[in-house]
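User: Could you take a close look at one part of this model for me, and then set it beside the other parts that can be described? I would like a connected account rather than a list.

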Amino acid sequence: MPRLITLSRAARLVGVKRGALQKRIREGELRTFEGELLLADLLHAYPQTEIEDTTMLERVEHIMENAVNKIIRPAEDSLDTDTLAARILALGQELAQSRQKARRYADLVNDMQQKFDELGPVAEQTQDQTFSKLKDWFTLALSATETAADDSDIIAREAFLRVMAAQVRILPSGHEFFIEGSDSILEAGLRSGLALDYGCSNGNCGKCRAKVVSGQVKKICPHDYVLSETEKGLGYILTCSNTAVTDVVLEAEEALGARDIPQQEIEIRVKKVECPDERIIILHARTPRTRRLRFLAGQYLSLQIEGLPAQYCSIASCPCDDMNLQFHIPAIAGKPLNEQLAGSVKANTAINATGPKGEFTLDEDSPRSVVFIAVNAGFGPVKSLIEHAMALDIAENLYLYWITTPGNSHYLGNLCRSWDDALDNFSYQALEATDSRPVTGLLAEIITNLDAVQELDFYVCTPDPLLEPVETVLTDNGVDLSHLRMEPIRQNQAE
């Protein structure tokens, strides 16, 4: 029988992004069977020399650990011996079953060979051409099997990956992610960019409840929420308190859009405040460990320091690190929150955060490459979207154009350049608008230099007065309005 492999594990095996494999699937180069790839097709598309080249995979892992804000795991957070033993045992059982099946097939082939030899003389006497053709085909097929290319190396690599990292598949969405070390299923899912349902993340509320369809899980920490005996019998677990021992399929709730994210009110604490230039304030804040913020990349919050009016601020960090939040706030005189942050605010100051709000979110079902356009502090929510797109690893190509107007700067240009250097499918251009080359003129130039703009998704965050002229320029130059999402820089007083 043909050997199948999941899309996520195939991407790891050959050292490319999932988007590269998805493109080949759409172009008919790779065949899928119930969401899995034929290993023979993968070997044909990626010869051995390319399989050994894991440069792209290493680059992606590097950028995801360093350039993107992630939860930092301690060095000792590695596979425990029980989990490792269970995965090796599962592979051993699979190997035993495969060997047993191979022996049965070998016996069947030998029996067929003997039968052909027995019936051969009779067929020659009766001049049965059909039998002769069938025997010739069988002989050729058997010879081809014996001389087929040795794919044991890639099979061994795939087995090694299965020992080191279990794969989780979520139903009904079909989303997949890997669990490495002793991460919980919830932690690994969030780190991979999935919006799994959860509340407290420490076993008290039960909102992360999921049903195990197949595979083996292991409880790694106690939880106060009590599952009924019926729920236990049906295979329900809390994803915040369990890890995957083997590859696992779960039925679990996911947020598929902004409407699925509940409104929350959380007291966050200031970690630090940076002012990279006189026009921007970067606020780093942290949620309580037991009350993390659920949000989608690109959304915004209402922030309020006691005694000051609340103000809307876009989130500039990735949902994959829901405890550590970042905000890029324009330094505008007369805004009480801005003046407090830029002046006398101290570390650990309490800020009341309410939300999230907004529909400026990533279309995760789109197979198209993505163009991000940020003007000035519009880079904040765009940064959140980019980091989320990197975590999901779905877009074939990502393009970032960061435009600044006079007096503003590319205050995190080094970060953008690190993405450009580390990722083969990411492109960054820093542009400066002038009186002779306004923002709209630069946008027209950008569109002119892009191929097939109708087949691209566009995400644009710009000051409010530029929204309408920017939309006009983009649509007049061929951008499909249904592929365009726009957002103003959030800086108004909250309602």
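Analyst: A helix here is a DSSP run of type H or I that is at least four residues long, and helices are numbered from the N terminus. With that in hand, the part to look at closely is helix H6, which spans residues 81-126 and contains Arg99; please keep in mind throughout that this is a predicted model.

Arg99 belongs to a positive surface patch, which it forms together with Lys101, Arg103 and Arg104. Membership of a patch requires over 30% relative accessible area and no salt bridge. Arg99 has a relative accessible area of 51% and is therefore classed as exposed, the cut-off for that class being over 50%.

Tyr105 is also found in helix H6, and here the surface character is nonpolar: Tyr105, Leu108 and Met112 form a nonpolar patch on the surface, with about 270 Å² of accessible area together. Because its relative accessibility is 40%, Tyr105 counts as partly exposed.

Turning from the helix to the strands, an open sheet is made of 3 strands in the order S1-S3-S2, with antiparallel pairing. Its edge strands are S1 (4-6) and S2 (32-33), each of which pairs on one side only. Between S1 and S3, the latter covering residues 36-38, there are 3 bridges in the antiparallel sense, and within this pairing Leu4 stands opposite Leu38 of S3. As general background, the strands of a sheet pair through backbone hydrogen bonds, either parallel or antiparallel.

Strand S11 (residues 264-277) has two pairings to describe. With strand S16 (residues 350-357), S11 pairs in the antiparallel sense over 6 bridges, and Glu265 stands opposite Thr354 in S16. With strand S12 (residues 280-286), S11 again runs antiparallel, joined by 6 bridges; in this case Arg269 has Arg286 of S12 as its bridge partner, and the connection from S11 to S12 is a hairpin through 2 residues.

One loop position completes the account. Gly174 lies in the loop between strand S4 (165-171) and strand S5 (176-180), and because its relative accessibility is 25%, Gly174 counts as partly exposed. Gly174 and Val249 are separated by 75 residues in sequence, while their C-alpha atoms are 9.3 Å apart in space.

Conventions: Residues numbered from 1 in each chain as written. Predicted model: local features only at pLDDT ≥ 70, side-chain atom pairs only at ≥ 80, totals over all residues. Heavy atoms only, no water. Patch = residues over 30% accessible without salt bridge, like charges linked within 9 Å, V, L, I, M, F, W, Y side chains within 5 Å. Areas by Shrake-Rupley, 256 points an atom, 1.4 Å probe, with all protein chains shown as cover. Salt bridge = Lys/Arg side-chain N within 4 Å of Asp/Glu carboxyl O. Lys, Arg positive; Asp, Glu negative; His and termini not counted. Charge placed at Lys NZ, Arg CZ, Asp CG, Glu CD. Buried < 20%, exposed > 50% of the residue type's maximum accessible area, 1.4 Å probe, protein only. Pairing = 2+ DSSP bridges.
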